[in-house]
Amino acid sequence: MKRKHQRLFLGLAALAAIGGASALALSALQDQAAFFYTPSDVATRKPDVDKAVRLGGMVEKGSLKHLKDGVTIAFVVADKEAKVPVRFTGVAPDLFKEGSGVVAEGKFTAEGGFVADNLLAKHDERYMPPEIADKMPSPDTLAK
Amino acid sequence: MIHALANPTRFLKIARPLTPILFWSGLLLVLAGVWGGLTQTPPDYLQKESVRILYVHVPSAWLGMGGWSSLAIACFAYLVWRHPLASLAARAIAPVGAVFAALCLITGSIWGRPTWGTWWQWDGRLTSMLLLFFVYVAWIALERADRERGGDGRIPALFGIAGTVLLPVIRYSVVWWNTLHQGQSLTLTQSTIDDSMLWPLLLTLPGFSLLFGGLVLMRMRAVLAEQRVEARIRRMAA
């Protein structure tokens, strides 16, 4: 075997080893690397009360309520299988509305609800002009 | 093909006329795309005008990642065939790729503020792209240190290949993990961006790519010219 071929072989072997190692590492990371819990995650294994976590899902249609104090809102974050009631005091981002995606940062309470101290609007991968969006049925699933 | 190009004289013969062609055609396409994206396309139904940043953000992300793939291929070619031009190519690609990765992060951050309501979040896509930028910077430092100490370029070449691990992580981060960043809008066969908003991207994407090629060739020619000057000075001194 010529030296050049030896190096080619070694190079390819190294590449395969790196790929394999990282695939293993990433599959182990699967859960830890998630940016937020979905409502169905919460239903199966609930995060500890008073631990800072993020909750992501769709703001359920018709669930958004403005409370009497004027600065607190209450709504329900849902995915296909589960729902979580959320309360937030403060200024929500412009894109936050019913029927669209949201990521809430905050804590679970002992009563099973979620108290958010920050809201992030989640955008999906669809881009379109307003006149087309008006004709589209609104999304009811959480885009990845 | 690779072996024929490994000869610097032959490489320069092709690179000299190719550089301005790539550079100017790329610039023209980018300007046309930016004009289209800023004045001709409708605003998005949710993001309004801030959607227009995608005409720069998407090509930057694409070239930040594409830059590293080409750097890794050059490193691999250097490691196996020991062509000096391959290591030169990697050296020329690195800062250009790093600039595009940075551009991707900056434009993304500017877009994220009005859309998500945050400049930065440690989500899978954002974090892995930031890592790629750091890996670029680390590679540049490592390669320079290796050259100054008279190394043979094997270590930076190995690092260049190892860095490719990040590319699938960035690409699939939005699939593997739930992230704040939205999923893939463009694949080879379909797009979830409406046609009326897509076309400027189809100009800036090849435009920035051609510009990238032009910049890399420029840098390679500059280094070759520098080496020639150094060789001549050494000969005159002797």
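This report looks at chain B of a predicted model, its contacts with chain A and its helix α7.

Residues are numbered from 1 along each chain as its sequence is written, while chains are lettered from A and ligands numbered from 1 in the order in which they are written. Local features need pLDDT of at least 70 and side-chain atom pairs pLDDT 80 or more, whereas totals for chains, interfaces and linings use all residues.

Let's start where the chains meet: 39 residues of chain B are in contact with 36 residues of chain A (C-beta atoms, placed from the backbone, within 7 Å). On the chain B side, two or more residues each come from α3 (54-81), α4 (84-116), α6 (154-162), α7 (166-176) and α8 (195-237); helices are DSSP runs of H or I with at least four residues, and strands are E runs of at least two, numbered from the N terminus. That side has 22 nonpolar, 14 polar and three charged residues.

UniProt (unreviewed entry) places "domain: Cytochrome c assembly protein" at residues 34-181 of chain B, and its "transmembrane region" annotation includes residues 21-41 and 197-218. Such annotations may be inferred rather than shown by experiment.

| Span of chain B | Helix | Strand | End C-alpha atoms apart |
|---|---|---|---|
| residues 34-181 | 76% | 0% | 23 Å |
| residues 21-41 | 95% | 0% | 28 Å |
| residues 197-218 | 100% | 0% | 33 Å |

Now for α7(B): its buried residues are B:Val169, B:Ile170, B:Ser173 and B:Val174 (buried: 20 or more other C-beta atoms within 10 Å of a residue's own). They lie on the same side of α7(B) because they cover an arc of only 120 degrees around the axis, taken from the directions from the helix axis to the C-beta atoms. These buried residues pack against α1 (3-29) of chain A, together with α3 and α5 (124-148) of chain B.

Definitions and conventions
Two residues are in contact if their C-beta atoms, placed from the backbone, lie within 7 Å. Ala, Val, Leu, Ile, Met, Phe, Trp, Tyr, Cys and Pro count as nonpolar, Asp, Glu, Lys and Arg as charged, and the others, Gly among them, as polar. A residue is buried if 20 or more other C-beta atoms lie within 10 Å of its own, exposed if 12 or fewer, and partly exposed in between; C-beta atoms are placed from the backbone.
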